[in-house]
Every structure is written in structure tokens, then in C-alpha cells.
Amino acid sequence: MSNAIVQDPTGFELPESQRRLIRWTVYIGYFALVAGVVHGLAQALSYAGINILQYFPGLHSYYQGLTIHGVANALVLTFAFSNGFLPLLTARALGRRLNAGLLHATFWLLLVGVGLALWKLTTNQASVLYTAYAPLQAHWIYYLGLVLVVLSTYCAAANMFVALAGWRKEHRGERIPLLAFISVASYAMWLIASLGIATSFIGFLLPWSLGILERTDPLLNRTLFWFTGHAIVYAWLLPAYISWYALIPRQTGGRIVSDSLTRVVFILFLILSVPTGFHHQYTDPGITTTMKAMHAVLTFGVFYPSLATAFSVVAALEIAGRSNGGKGLLGWIRHLHWSDPSVTAQLLAMFTFVFGGITGLINASYTVNQVVHNTAWVPGHFHMTVGSAVAMTLMGVAYWLVPYLTGRGLWGRKLALAQSWIYAVGVLVMARGLISGGLEGMPRRTFMAMATYSRPGWKLAGAITGVGGTLMTIGALLFFVVLLGTIFAGRKGEGPKDIPFGFTLRPPATSGWELRLDRLGLWVVVAIVLVVIAYAPFAISYLPPHLVSRGFRLF
Ligand code: HAS
Ligand code: CU
């Protein structure tokens, strides 16, 4: 196989005015990351018995800090990044400009939404944690802010759909370019997933916090939250997967293993991500055991596309490592462009995700979940998924994306390499602490530094958590230094001229069953049917809403 990089024939460049909007959209995410990690340090040190929250100016409570941590990192970083990244990839893959109005709408809705949410978070009027469980009640402006953030994702999705529709009109009968297909499929999945949270926020939480609705239904709100809440983790993950599938092969000198398998994986995410939400509610009353078991089985189903990803991504890496001169069973791993911080950050992200996946399977196992639910194990799990697989990929992508968007060369390459390693070691150490503590019953969402109780095993687990969290914070702050260095001091004109998108071993099929893979509309219908099967029995047995609970503001 020739390893020569095939240049994309369109030679398309996105106009600077559009790049600027995309740049500022992703910057919102990276700024949120900084706010988030500073609060993350306080959380990790709290497990080690150290209370630094008292030194945070204007901070009223542990829960306020934890809410800021979760919202900034899990909601703002992820969606701000995707809102810029996915339309950019779609435009590039289709060789088309984006719609300028929708780009503006995406940016402004996000900015205003984040601004409103931040205002209420920093003034302690929205300390309800990122899950926004009723009957804890936030100020209505906080809910409104998050609604605007969701609307911004709709505008980004619309931009991609418009570009795809335009392209299809001009390319009848042609296969959708892979990169565009997987980008659009990711946000199509998110659109379906977001319906739960949209119903909960607009139908219940907003009117309830405004006083229009006197009482709300906590169980229904939780169910609507988790309707969105499991799939949301794939809305965070899939942009990272897109990079692993379609960009990393080019960055390491390899090839995408299979066009069809890649499409199948994203279709499986589209149809299986949503009907799994009850695996977050195994201990909730009011939902039958049968329904919980059904969601458990479907969760095992959505585990499969990640297993296929592990296979494909590692195969693509092996092709790269061997064509770079690597030999032997594992010798190719050393030949994977480890000197490129963008690659290193993402390889380490993949590595941590192996453990994120294993712990996810344990969570999903209905009975075993009883051992780990609501313990520190769960943050152990999700820091090896969203906190590393996703966060480190978003950092790794930034090492080419920000130079591409600004036209400036990457500043501080060695620092960038160091930050990836420090962060990765940190997250693995921290997760080790959280997971072992969780197995000993150490609770999550609890201000351990002030707890008056303890159990054997918690002290060591907490100390390990604190050490790991400190390393992660150093790693994340170094990322920010590199980012600012690139924006302000990177060499002008040295940024890459194109995005590094890769090519498949064989071109996509032009006849046969594979053509059906491109029928996104059909897959959306299948997804909706599955969602109805998975949620209708609950809805029929439970509705109408049980409006029983007034709002509480405890902190
Ligand atoms: Fe999860 C709880 C089940 C994936 C995030 N999860 C959470 C929470 C978050 C979260 C935030 O079933 C807490 C929510 C809360 O606040 O209460 N999760 C799963 C399962 C998966 C899974 C089955 N989770 C994720 C991802 C997340 C995420 C992805 C964020 C991005 N999770 C659960 C369950 C709970 C839960 C229960 C509820 C727990 C409870 O009791 O509250 C699966 O999707 C995981 C599949 C992953 C794999 C790994 C594939 C590996 C790959 C890497 C290949 C690379 C290699 C390295 C091998 C099968 C693709 C090569 C490297 C070289 C150097 C060569
Ligand atoms: Cu889940």
C-alpha cells in the first residue's frame, strides 16, 4: 500500500469570515475548560481531606463549585467544541461554504446562553448540579441559558443539514463523503436525544421556576433528563471518535480501515444511543424491572460500536506504525508520531478510554450497578470517558485546529507534549483513587473534606484522588498556556492550510447494499421507532405527570 498522502481534489478553503466565527465558538469551550478544571482541583482535593474551596472568592458552597465544574466541562466545553468542529468538518468534506446566518446564530446563542447560566451559577442561584434534578430549583434564567445552549446546537446541526442537502442536489447518486456522513450522523443522533431535556426544561423546569407551574414531577424530570443523559455522553464522544477514525490515520501516516464499518458504527450510535437511559435509574422507583432490564440489554447493544471502534482504530494505527517502519507484534506502537502533541494527546485519550469502557460495562450490569451506584466509582468511570477520552482528544485536536483557524503555528510543542502525559497520568491516578474508594462505599457528590465519618480504605483512596486531580489540573493549565501562546505568539502564516482528513484503504462502494448506509432519513426513523418501544411502556403506565413537588433551594 502506498503511504503517500492523497490530496483532496477540491482544494477547498473556508473563507476567513467563517473561520473566525468557528474560532470564537470553540474558544468559548476552551475557556470553559479552564473554569471547570480549577473547580475540579477543589473536588479532587476534597477527597484528600483538603478544603481549598474556602479560598475561592465569592463561592458559597461545595455544591456551587461542583455545579460549575460539571456544567463548564461536560456541557459547555463539549458542545462549544462540537458546534464549531462538526460544521467545519462537514463544510470541508463537502467542499461547500456554511450558511453565515446560522454560524452567527450558533455563536451568539451559545455565548448568551453560557453567559446567562454563568451569571446564575456564580451568584449561587443555580447550585443544582449539572443534572438539574428537581425538586432542587435554580433561577429561571439558568434554565433559559441552557435552553439557549441547546438551541445553538440546533443551529449548528441545521447548518450541516443545509450544506448536505445542497451537496446532494448537485451530486445525485454519489456517496456522501465519509467525513461529512459521520459528522452529520453525530448531530442527528443528538437532535433526537435532546428532545428529553428540551421537554423537561421548557415544559416543566422553566415554568416551575417562573412560578407559572406551582409544582413539578421529580421522577418524570429525571426520566426526561436521562432520556437525553445517556445519549449526551455519545454527543460528547462522537466528535472524538470522528477524529480517531477520520483524522488520526492521516496524522499518523495510516489509512482508515473501512468506509462501510465506520458508517455502520455511526448508524448504530444513531439508533441505539437513546433507548438506554434507564441504566442511570436502576435504583429509581416507579419504573418497572422489565423496563430497566430492557434498557440494560440495549446498553450492551450500544457497547458494540465502541468495541468495533477499538478494533478499527487500533488497526488503522497498526497500518500507520508498520508503514512508518515499526516491526514485531507491538513494535509499531513506537512509530506512531509520538513527537506530535496532537497525536500523543489522542493516543493517550484512547488508552484511558479502554478503562472507561470496562467500568461502563460494570455500571451497565443491572445487579453490579447496585454496588457502585452513587459512589465515587461513578466519577472514576466518567473521568476516564468524558474527562480524558473526550477532554484529551479535544485538547489534541486543538493542537492543529487552533493553528488552522488562526493561521499561526503551534507554540510550545514540547510543553504540549508534557501536558498530555501529565494529564493522562493524572487522570489514571485519580480514577484509581475514585474507583477503589467507590468500591469501599465512598460517596460521590459529597464534601468529603468536611465529612464527619469515614471508613477504612477511604483515606488512601482520597489521597490518591487528590494527587491525580492535582496532576490533571497542572496538565490542563499547561494546555491553556500552549493555547494562549499559539493565539498570541504563534508564528504567523505557519498554521496548516487544510484539516488533516484521512483516506480509506479502499474507496467507498458505488453499488450494492452499502448504498443504503447513506440513507440517513431511514436510520433516523429506525432510531425513533426504537425510542418509542423503549419509552412508551413507561409513558403509558406513568402519565399524566404527578405534579407533587415545590422547588427547594438548599444552598
Ligand atoms: Fe458512562 C455513568 C455506562 C460510556 C459518561 N457515564 C456515567 C456518567 C457519565 C458518563 C458522565 O450503565 C455519570 C452520570 C451521572 O452524573 O450520574 N458508559 C456506560 C457504558 C459506556 C459508557 C456501557 N460514559 C461513557 C462515555 C461517557 C460516559 C463515552 C462520556 C463521554 N455510564 C454507564 C452507566 C452509568 C454511567 C450504566 C450509570 C452509573 C450509575 O450508577 O450512576 C460504553 O459506551 C463504553 C464503551 C467503551 C468501550 C471502549 C472502547 C475503546 C476504544 C479505545 C481503543 C484504543 C485503544 C488504545 C485500544 C467499549 C474505542 C490504542 C492506543 C495505543 C497507544 C496503541
Ligand atoms: Cu449512561
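Student: Let's start with a proline. Where is Pro135 found?

Tutor: Pro135 sits in the loop between α3 (100–122) and α4 (140–170). Keep in mind that this is a predicted model.

Student: Okay, and what kind of peptide bond joins Ala134 and Pro135?

Tutor: A cis one, with omega at about 10 degrees. Most peptide bonds are trans.

Student: Which other proline has a cis peptide bond, the one with omega of about 5 degrees?

Tutor: That's Pro544, joined to Leu543 by a cis bond. Pro544 lies in the segment after α15 (520–542).

Student: Back to the α3–α4 loop. What's the phi of Leu129?

Tutor: It's near 65 degrees, which is a positive value in a residue other than glycine. Most residues other than glycine have a negative phi. Leu129 is in the loop between α3 and α4, and Pro135 belongs to that loop as well.

Student: Let's switch to the metals. Which residues coordinate the copper ion, ligand 2?

Tutor: Three histidines do: His230 through ND1, and His279 and His280 each through NE2. The distances run from 1.9 to 2.0 Å.

Student: How are those donor residues spaced in sequence?

Tutor: The pattern for the copper ion is H-x48-H-H. The last two letters are His279 and His280.

Student: And what does the protein give to the iron atom of ligand 1?

Tutor: His381 is its only protein donor, using NE2 at 2.2 Å. You'll find His381 in helix α11.

Student: How far apart are the iron atom of ligand 1 and the copper ion?

Tutor: They are 4.4 Å apart.

Student: What about the rest of ligand 1: how many residues surround it, and which are closest?

Tutor: There are 34 residues around ligand 1. The closest are Tyr234, Asn369, His373, His381 and Arg444, and His381 is the iron donor we just met.

Student: Is that shell mostly polar or nonpolar?

Tutor: Nonpolar: the shell has 21 nonpolar residues, twelve polar and one charged.

Student: Which side chains have an N or O atom 2.8 Å from an oxygen atom of ligand 1?

Tutor: Tyr130 has one at that distance, and so does Asn369. Arg444 also has a side-chain N or O atom by an oxygen atom of ligand 1, at 2.7 Å.

Student: Which elements give two or more residues to the shell around ligand 1?

Tutor: They are α6 (218–252), α8 (289–323), α9 (341–364), α11 (377–383) and α12.

Student: You mentioned α12. At what angle do α1 and α12 pack?

Tutor: Helix α1 (residues 16–47) and helix α12 (residues 386–406) pack at about 145 degrees, and their axes are 10 Å apart.

Student: Is the crossing of α1 and α12 left-handed or right-handed?

Tutor: Left-handed.

Student: Which residues meet there?

Tutor: From α1, they include Arg19, Ile22, Arg23, Val26 and Tyr27. On the α12 side, Leu394, Met395, Ala398, Leu401 and Val402 are among them.

Student: How do the residues of that contact divide by class?

Tutor: The contact of α1 with α12 has twelve nonpolar residues, one polar and three charged. Two of the residues named above, Arg19 and Arg23, count as charged.

Technical notes. Residues are numbered from 1 along each chain as its sequence is written. Chains are lettered from A and ligands numbered from 1 in the order in which they are written. This is a predicted model: local features need pLDDT of at least 70, side-chain atom pairs count only at pLDDT 80 or more; totals for chains, interfaces and linings use all residues. Side-chain values use heavy atoms; hydrogens and water are left out. Axes are lines fitted to C-alpha atoms, for helices over the stretch in contact, and angles run from 0 to 180 degrees between N-to-C directions. Helices (H or I, at least four residues) and strands (E, at least two) are DSSP runs, numbered from the N terminus. A crossing is left-handed if the near helix is turned anticlockwise from the far one by less than a right angle, and right-handed if clockwise. Contact means heavy atoms within 4.5 Å. A residue is near a molecule or strand if one of its heavy atoms lies within 4 Å of it. A polar contact is a pair of N or O atoms within 3.5 Å; within protein, one must be able to donate a hydrogen and the other to accept it, and residues adjacent in sequence count only if both atoms are side-chain atoms. Donors are N, O and S atoms within 2.8 Å of the metal (3.2 Å for Na, K and Ca); water is not among the atoms, so sites may look incomplete.
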